[in-house]
Structure formats: C-alpha cells, structure tokens
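Student: I've got a new model open and some time to go through it. Can you walk me through the main features?
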Amino acid sequence: MKNKKYFVVGGIVVLVIVLILIIYFRRSSDNEFIYTQKVKEIIKNDDDDNRYAGVVENQETVDIKKDSDKTIAELYVEVGSVVDKGEKLFRYNDRDVQNKIANVELDIENIVNEINASKAEIEALKEGKDPDRDNKIKEEQVKISKNEYEIRRKELEKTSLSEEIDNLTVKAPRKGIIKTINTAEGEDLPYIQISDAGNVRIRGSIDEKSLSKIKVKQEVTIKSRNDETKAYKGVITAIQTQPKKQEGENADKMSTYPFFVSVEDKHEMLLGEHVYIIGRKNIELKGIWLSPNYLKVEGDHKGLVYRKQNNKIVEVSVEIGKFNEEVNKYEIVKGLDLEDEIAPLIPEGKEGIEAY
C-alpha cells in the first residue's frame, strides 16, 4: 500500500514536469511574445544611432617659431592679446637686409655710370677720324647691352630683398588669443603660442562605418555623460582622415577617426570630462516623435500604436500632430507617455499576445 502511494505521487510529479515542458517548448517554438520598449528608451536609441564618444580638452594651439639666425626688432603683442588673422605679431631686425639693398643700389649706380661713359665714348668716336672707330663703337655698344642686362638683374635682386623685408614681419595665421611668449634663449620652444578664442574643445571619435554621417560645420549637441540634462550647442570644426592607430588586440578592429567640436554655449564642463556628441538637425524635436516602424497612420491626425498593458499587447489610438520629413517621424500629441512601453508594428490578429 505504501509502495502504491509512492507510485501515485511519482506519477503526478512526472506529469507536472511533462506539462511544463510542453508549455515551454510550445511557447518557445511559436515565439508568441513581443519585445517592448519604453517610449523614452526608443527616443534615446534614435539618438544613439548618431551619438559619439567625446572628451573635453584644451583648445588647439598654433606654435610660431623664431628663426635662430635672426634677432627680434619689435614685438607687437603680449600674453592675453586677442589677435585677428593677418595681424602683426613681431618683426625681425632688417639691418642686414637693408645693407644688402644699399649695396645693390650702389652697384646699379656704378653700372649706370659705365653705360653713360660708353655712350659718351661712342659719340666721341663718331666725331673723330679713328680708322678703327666702327669696331670700337660696336665694342662699346656690347658693353652697354651687358650693363643694361646687369641692371635688370640687380633690380630683380633688389625686389627680392624688399620682399624679404616684408617677410620679416610675422603675422598671425589665425584668430585667437596669445597664450605664451617665450623670450628665453637657447630653448627649443615656440616663440609664441596662439590658442582659439574658446577655452575648450571636444575631441570626438567615430568609426569608419559612421564617418560619412558627419561633416565639417555640422551642428551638434554636446551632453554630459553624468547629467544629460546639461546640453550645449557645438559645431564640428575638423575631421582627421588619418585613422587612430590600433595596436595589440585592437589591431584587427574597425578603424576610428578623431574629430573636433567647438563649444558655442557657456558651459560648466571640466577638462577631461567625458561627453556625448550627438548629431542634430536644423529643427530640434520636442515631445514624442515616432517613426512609421512604431506607428500605424489612420489618417485625419489619428494613428495606432501597440502598447503593453497587463503584460499583453493592446492596440491604442493616438492623436498625431506634425510630420517631419527630415527625420521621417510623426509627432504624437495625445495618447502616449514617455513611460509607456510599445512594440513595433505587428501583423493584424496578433493583439493580445504576451509582451516581453
């Protein structure tokens, strides 16, 4: 009797296990459930498709080096000065070049005197009765031609020296702020450093697959990783086409490229802070906007979404506002909250199945 009781209990346990396995495999094979996401997560993921890692760093600086063979005659700026592109920074001493110009001018004067002497000799030969005067006149004419050529050569030399004097004045290659002026002799340091007018920039990183999504002068949004409510406007200023070198285990991975963003707004970002760089359109969307993947448009500002309710998928009516062609999204005016969980469009007749 006791053995019979154990047999019955054992049979019930086996039956329960079999039923559980049948239900599990039926559900697994039929895939009768749909994955849902909160509306706010869907919106965030849309941003993630155009979101890149970045770090706050000092603005780019331009180094102006001094010619060690020359001396500085005059310095036009000081640390903290704001300069425009093409503005004078400093001038080298031009004493040596001026001496060279003076020597060239003296050479030209002597050559002119020689030409005048040859012309006077020709006139004298014409009035005289020297039997060899024709040959002597030709000799003087050859001298004049050679000296006239030499004058043209000296004039070119003088022009070149004058241009050298112009180049002795060094000008700012870009707009910015004078960051440092190094007056120490014998140190291998730039004489002047010019930094951008802004105090920081953002260095971003993008992989080769996404490189075509960004361009110089493109507007972006910069968000703090610690607090995404802190957002600032920026503009991409440069994209390096030389990929960042991958080493070791990363050698076979996709190449990444650095790009740089200037910050247009006043900000509270710190040097070294990690941020997100998000590409933005000319029109910034506020509120809830969904793509046709999540919205069935019924017409007359009406639409349907599939929302999770009591762990089931239910069809819910929503009110549609504007349509933005630039991002291919519809504005949801009413009927949906950021915390609601929705699924992509599903085939008809699938309402009521389980939501995951």
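Tutor: Sure. Keep in mind that this is a predicted model. Start with the largest nonpolar core, which has 20 residues. Those with the most contacts inside it are I64, L89, F90, I178, I192 and I194.

Student: Which elements give two or more residues to this core?
Tutor: They are β4 (61-64), β7 (88-92), α3 (95-127), α4 and β10 (192-195).

Student: And which one gives the largest share?
Tutor: Helix α3 does, with 4 residues.

Student: Any general reason to expect such a cluster?
Tutor: In soluble globular proteins, nonpolar side chains tend to be buried together.

Student: Take F90. What is it in contact with, leaving aside its neighbours within four places in sequence?
Tutor: F90 contacts I64, I72, E74, L75, Y76, L168, T169, V170, Y191 and I192.

Student: Is that core the whole story?
Tutor: There is a second, separate core of 17 residues. Y52, Y257, V263 and M269 are included in it.

Student: Back to β4. Which of its side chains are buried?
Tutor: V62 and I64 are, and they point to one face. T61 and D63 point to the other face and are not buried. The side chains alternate along the strand.

Student: How many bridges join β4 to β10?
Tutor: There are 4, and the two strands run antiparallel. Within that pairing, V62 has I194 in β10 as its bridge partner. I194 is also listed among the residues with the most contacts inside the largest core.

Student: Now the helices. How do α3 and α4 cross?
Tutor: Their axes come within 9 Å and cross at roughly 165 degrees. That makes α3 roughly antiparallel to α4, because angles over 145 degrees count as such.

Student: Left-handed or right-handed?
Tutor: The crossing of α3 and α4 is left-handed.

Student: I clicked on K136. Where is it?
Tutor: K136 is in helix α4, which covers residues 133-167.

Student: Why does K136 count as partly exposed?
Tutor: Because its relative accessible area is 33%, and the class runs between under 20% for buried and over 50% for exposed.

Student: What does K136 touch, not counting residues up to four places away in sequence?
Tutor: K136 touches L125 and D130.

Student: And how far is E121 from K136?
Tutor: C-alpha to C-alpha, E121 and K136 are 9.1 Å apart in space. In sequence they are 15 residues apart.

Student: Switching to sheets. What is the order of the open one with 3 strands?
Tutor: The order is β5-β7-β8, with antiparallel pairing. β5 (72-75) and β8 (169-171) stand at the edges, each with a single partner strand, so one side of each has no neighbour in the sheet. From one strand to the next, the twist averages 20 degrees.

Student: How many bridges between β7 and β8?
Tutor: They pair over 3 bridges, in the antiparallel sense. R91 stands opposite T169 in β8. T169 is also one of the contacts of F90.

Student: What about the closed barrel? Which strands make it?
Tutor: It has 6 strands, running β3-β11-β14-β13-β12-β15, with antiparallel pairing. Neighbouring strands of this sheet are turned by 40 degrees against each other on average, direction ignored.

Student: Give me one pair from the barrel.
Tutor: Take β12 (residues 219-224) and β15 (residues 274-279), which run antiparallel and are joined by 5 bridges. V220 has G279 in β15 as its bridge partner.

Student: And β20, which strands does that pair with?
Tutor: One partner is β16 (residues 288-290), which pairs with β20 (residues 329-334) over 3 bridges in the antiparallel sense. There, W289 stands opposite E331. Another is β19 (residues 312-324), joined to β20 by 4 bridges and also antiparallel. N324 stands opposite K329 in that pair.

Student: Last thing. What is phi of N310?
Tutor: Near 55 degrees, a positive value in a residue other than glycine. N310 lies in the loop between β18 (302-309) and β19.

Student: Is N310 buried or exposed?
Tutor: Exposed, because its relative accessibility is 69%.

Student: And N311?
Tutor: N311 has a positive phi too, of about 65 degrees, although it is not a glycine. N311 lies in the loop between β18 and β19.

Technical notes
Residues are numbered from 1 along each chain as its sequence is written. This is a predicted model: local features need pLDDT of at least 70, side-chain atom pairs count only at pLDDT 80 or more; totals for chains, interfaces and linings use all residues. Side-chain values use heavy atoms; hydrogens and water are left out. Buried means under 20% relative accessible area, exposed over 50%, partly exposed in between (1.4 Å probe, protein chains only). Contact means heavy atoms within 4.5 Å. Two strands pair if DSSP finds at least two bridges between them. A nonpolar core is a set of buried Ala, Val, Leu, Ile, Met, Phe, Trp, Tyr and Cys residues joined through side-chain atoms within 4.5 Å. Axes are lines fitted to C-alpha atoms, for helices over the stretch in contact, and angles run from 0 to 180 degrees between N-to-C directions. Angles under 35 degrees count as roughly parallel, over 145 as roughly antiparallel, 65 to 115 as roughly perpendicular and the rest as oblique. A crossing is left-handed if the near helix is turned anticlockwise from the far one by less than a right angle, and right-handed if clockwise.
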